[in-house]
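The following exercises are to be worked through with the sequence and the structure at hand. Each task is followed by a solution in steps.

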Amino acid sequence: MPYNLNAEYNSQQCRDNWNILNEIVHCAASIHHEKEIGLQQHYLIGILNIDIRTFFLTREYQIREIHELCTMGTVRLTKIFNFEMAHALLNYEGKCKNIHGHSYTLEVTIIGSPKSSQGDPEDGLLIDFGTLKKLVNSTIIQKVDHSLMLNELHDKELLEHLHHSFRKILKVSYQPTCENMLLDFANKLKHSLPQQALLHHLRLEETHSSYAEWYASDNA
Ligand SMILES: [Zn+2]
């Protein structure tokens, strides 16, 4: 569906403010590729929340500003991390039931629009690579690196003994597969990123030929 500014002006006449918002978000999303709609709606709601407050206070809806926000350049930004971790799969039939380790690679990709604000130290940045590095390190990497991750349903005495001997034992409420770790990491990162940077996808490599991916658009 092509973008229709007139449709937005008509909707502006509607007395139901919530309907106006939904219609505008729908129109704005339609200018993007279908696969991105869920993500863009999420992104736009993040932006619109600020403007809605203004709207409710002043009753002046700045449609052109919203249009500019909807069509401004969007970029994806990726940073790559490495960590060493051991795990064992509970009740698994095969080699992975034994404690063994991997050299994991985690790719974190975020999406958003670079800040456009002359004189601002963050002008032109979606997020500083250094900030993203610190955030992912403190949220995930420092916790998992050189640890042994085990399902908390493993024998309690065994877990206590391991903790006593090795300290960095991570007891998790899930089977520590590449897939489940990815879901856990995505959940943690989603709530840690600054407002202007949305998590687009994660890729977790367990070996050079085996990896799992998480996409925000698949989970919208
Ligand atoms: Zn493994």
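Two strands are said to pair if DSSP finds at least two bridges between them. The model examined here is a predicted one.

**Exercise 1. State which secondary structure elements the protein chain contains and in what order they run.**

Step 1. The protein chain holds seven helices and six strands.

Step 2. Read from the N terminus, the order of the elements is α-α-α-α-β-β-α-β-α-β-α-β-β.

Step 3. Of the 220 residues in the protein chain, 17% are buried. Among contacts with a separation of 6 or more, 56% are between residues 24 or more positions apart.

**Exercise 2. Determine how the strands are joined and in what order they lie in the sheet.**

Step 1. Recall the general principle: strands of a sheet pair through backbone hydrogen bonds, in a parallel or an antiparallel sense.

Step 2. Begin with strand E1 (residues 75-87), which is joined to E3 by three bridges, the two strands running parallel. Histidine 87 lies opposite methionine 149 of E3.

Step 3. E3 is joined to E4 by four bridges, again with a parallel run. Here methionine 149 has leucine 170 of E4 as its bridge partner. Between these two strands the chain passes through H6, and this β-α-β crossover from E3 to E4 is right-handed.

Step 4. E1 also pairs with E2, in the antiparallel sense and over 13 bridges. Methionine 85 has histidine 102 of E2 as its bridge partner.

Step 5. E2 and E5 run antiparallel and are joined by seven bridges; valine 108 stands opposite leucine 202 of E5.

Step 6. E5 and E6 are antiparallel, with six bridges between them. Threonine 207 is opposite serine 210 of E6.

Step 7. Put together, the pairings give an open sheet of six strands in the order E4-E3-E1-E2-E5-E6, with mixed pairing. E4 and strand E6 (210-215) are at the edges; each has a single partner strand, so one side of each has no neighbour in the sheet. From one strand to the next, the twist averages 30 degrees.

**Exercise 3. State which strands H6 and H7 touch where they pack on the sheet.**

Step 1. H6 touches E3 and E4, and its direction makes about 150 degrees with that of E4.

Step 2. H7 touches E2, E5 and E6, and its direction makes about 150 degrees with that of E5.

**Exercise 4. Check the span of helix H7 (residues 178-190), and find where its buried residues lie.**

Step 1. Helix H7 has 13 residues, and at 1.5 Å a residue it should span 18 Å. The expected span is 1.5 Å times one less than the number of residues. The end C-alpha atoms of H7 are 18 Å apart, in agreement with this expectation.

Step 2. The buried residues of H7 are Met181, Phe185 and Leu189. Seen down the axis of H7, they fall within an arc of 65 degrees, so they line one face of the helix.

Step 3. The general reason is that an α-helix has 3.6 residues a turn, so residues three or four places apart point the same way.

Step 4. The elements against which these buried residues pack are strand E2 (100-112), helix H5 (129-144) and strand E5 (198-207).

**Exercise 5. Decide whether histidine 146, arginine 167 and leucine 193 are buried, partly exposed or exposed.**

Step 1. The cut-offs are as follows: a residue is buried with 20 or more other C-beta atoms within 10 Å of its own, exposed with 12 or fewer, and partly exposed in between.

Step 2. Histidine 146 is in the loop between H5 and strand E3 (147-151). Because it has 12 C-beta neighbours inside 10 Å, histidine 146 counts as exposed.

Step 3. Arginine 167 is in the loop between helix H6 (156-166) and strand E4 (169-172). With 9 other C-beta atoms within 10 Å, arginine 167 is exposed.

Step 4. Leucine 193 is in the loop between H7 and E5. Its count is 19 other C-beta atoms within 10 Å, so leucine 193 is partly exposed. Leucine 193 touches Ile110, Leu198 and Leu199, leaving aside residues up to four places away in sequence. Leucine 193 and isoleucine 110 are 83 residues apart in sequence, yet 9.0 Å apart in space, C-alpha to C-alpha.

**Exercise 6. What is the value of phi in histidine 146 and in arginine 167?**

Step 1. As a general rule, most residues other than glycine have a negative phi.

Step 2. Phi is near 55 degrees in histidine 146, a positive value. In arginine 167 phi is near 70 degrees, likewise a positive value in a residue other than glycine.

Definitions and conventions:
Residues numbered from 1 in each chain as written. Predicted model: local features only at pLDDT ≥ 70, side-chain atom pairs only at ≥ 80, totals over all residues. Arc of directions from axis to C-beta. Contact = placed C-beta atoms within 7 Å. Right-handed = clockwise from strand over helix to strand, strands pointing away. Axes fitted to C-alpha atoms, helices over the stretch in contact; angles between N-to-C directions.
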